[in-house]
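Work through the exercises below with the sequence and the coordinates at hand, and try each task before reading its solution.

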Amino acid sequence: MNEKMSPSSESDIRIKTDIPFPWEFPGRESGIHYFREVSSTMDVARDMAASGCPDFTVVIAEFQSMGRGRLQRIWHSETGGLYFTIVLRPDMEPALAFRINFAASLSLAKVLQKMFGVDAKVKWPNDILVNDRKLSGMLSEMGVESGRLSYVNLGIGINVNNAPENREPNAVSLKKLMGTVVDRRRLLSSFLDEFQAVLSGGPPADIISQWKQYTMTIGRHVKIITINDSHEGLALDVNDTGALIIEQEDGTRIEVIYGDCFHG
Ligand code: BTN
């Protein structure tokens, strides 16, 4: 376990949040690296991946000064949220890496429903929403060597005891939903267990079909915005490659592989 926190600074945090220290996980200690502050857990994870860290190494930070979101956005990362990146070393070709993100959003929606009884749903591709408000977002980066994945770094930000709604009216935290401070360590531990179980259980095609049971995008009118483009129509399905199939107003169907999804 890698700690960048002194006992005195920890006691300050204890007063404000959920007494997370130490971030110990029986049976997992060697794979968990906790930092009080980093630029982004993605940066730390990338360095660790390059230095050969093992599969399922987890980098957690209390605070990120330059947290990153999808499509070049900033992910504001104030104390109280849960910010982590998992370094995965799947033996697969790069084109199949999307399965990891779908496995993660499926696992997180399941855990949130089970632990807190909230109506957590996935918005394509991998946002977690409760009552149409964003609770969590995911970002992944990969390294490729000789046509195979050398790593996939999956970064997850979850609004737990922070207050994102002050800045972002369409966001919500678990603390707000539950009316009480939530134990981030327990949430992370349950998520890691579920995620490992989903990744190792059953054929990969099952991940997408299970994911569909937790999504609220299929059947909705959607607008997908990418950096250079936008598409609009009825979300019909998600295919085996994770692409969203949209029926446009003129009846034509398109497959969208990435973008920001807005529900109509
Ligand atoms: C999004 O919804 O745009 C994705 C947000 C991903 C945020 C997480 S927080 C942990 C990891 N570190 C980062 O800088 N970003 C991801």
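The exercises that follow concern one helix and the aromatic rings of a predicted model.

**Exercise 1.** Determine which residues of helix H6 are buried, and how they are arranged about the helix axis.

*Solution.* Begin with the extent of the helix: H6 covers residues 205–213, and within it Ile207, Ile208 and Trp211 are buried. Looking down the axis of H6, one finds these buried residues within an arc of 95°, so they line one face of the helix. Turn next to the face of H6 that points away from the buried side, where the exposed residues Ala205 and Gln213 are found. Finally, ask what covers the buried residues of H6: the covering elements include the helices H3 (98–116) and H5 (184–200), together with the strands S4 (120–123) and S9 (230–238).

**Exercise 2.** Classify the aromatic pair formed by Phe98 and Phe102, and place both residues in the structure.

*Solution.* A pair of aromatic rings is described by the distance of the centres and the angle of the planes. For Phe98 and Phe102 the centres are 6.0 Å apart and the planes make an angle of 85°; since planes over 60 degrees apart count as edge-to-face, the pair is edge-to-face. Both residues belong to helix H3, where they are four residues apart, about one turn of the helix, and both Phe98 and Phe102 are buried.

**Exercise 3.** State how many aromatic pairs the structure holds, and which residues ring pairs link into a cluster.

*Solution.* The count of aromatic pairs is five, and ring pairs join Phe56, Phe84, Phe191 and Phe195 into a cluster.

Methods
Residues numbered from 1 in each chain as written. Predicted model: local features only at pLDDT ≥ 70, side-chain atom pairs only at ≥ 80, totals over all residues. Heavy atoms only, no water. Buried < 20%, exposed > 50% of the residue type's maximum accessible area, 1.4 Å probe, protein only. Helix = DSSP H or I, 4+ residues; strand = E, 2+ residues; numbered from the N terminus. Arc of directions from axis to C-beta. Contact = heavy atoms within 4.5 Å. Phe/Tyr/Trp six-rings, centres within 6.5 Å; stacked < 30°, edge-to-face > 60°.
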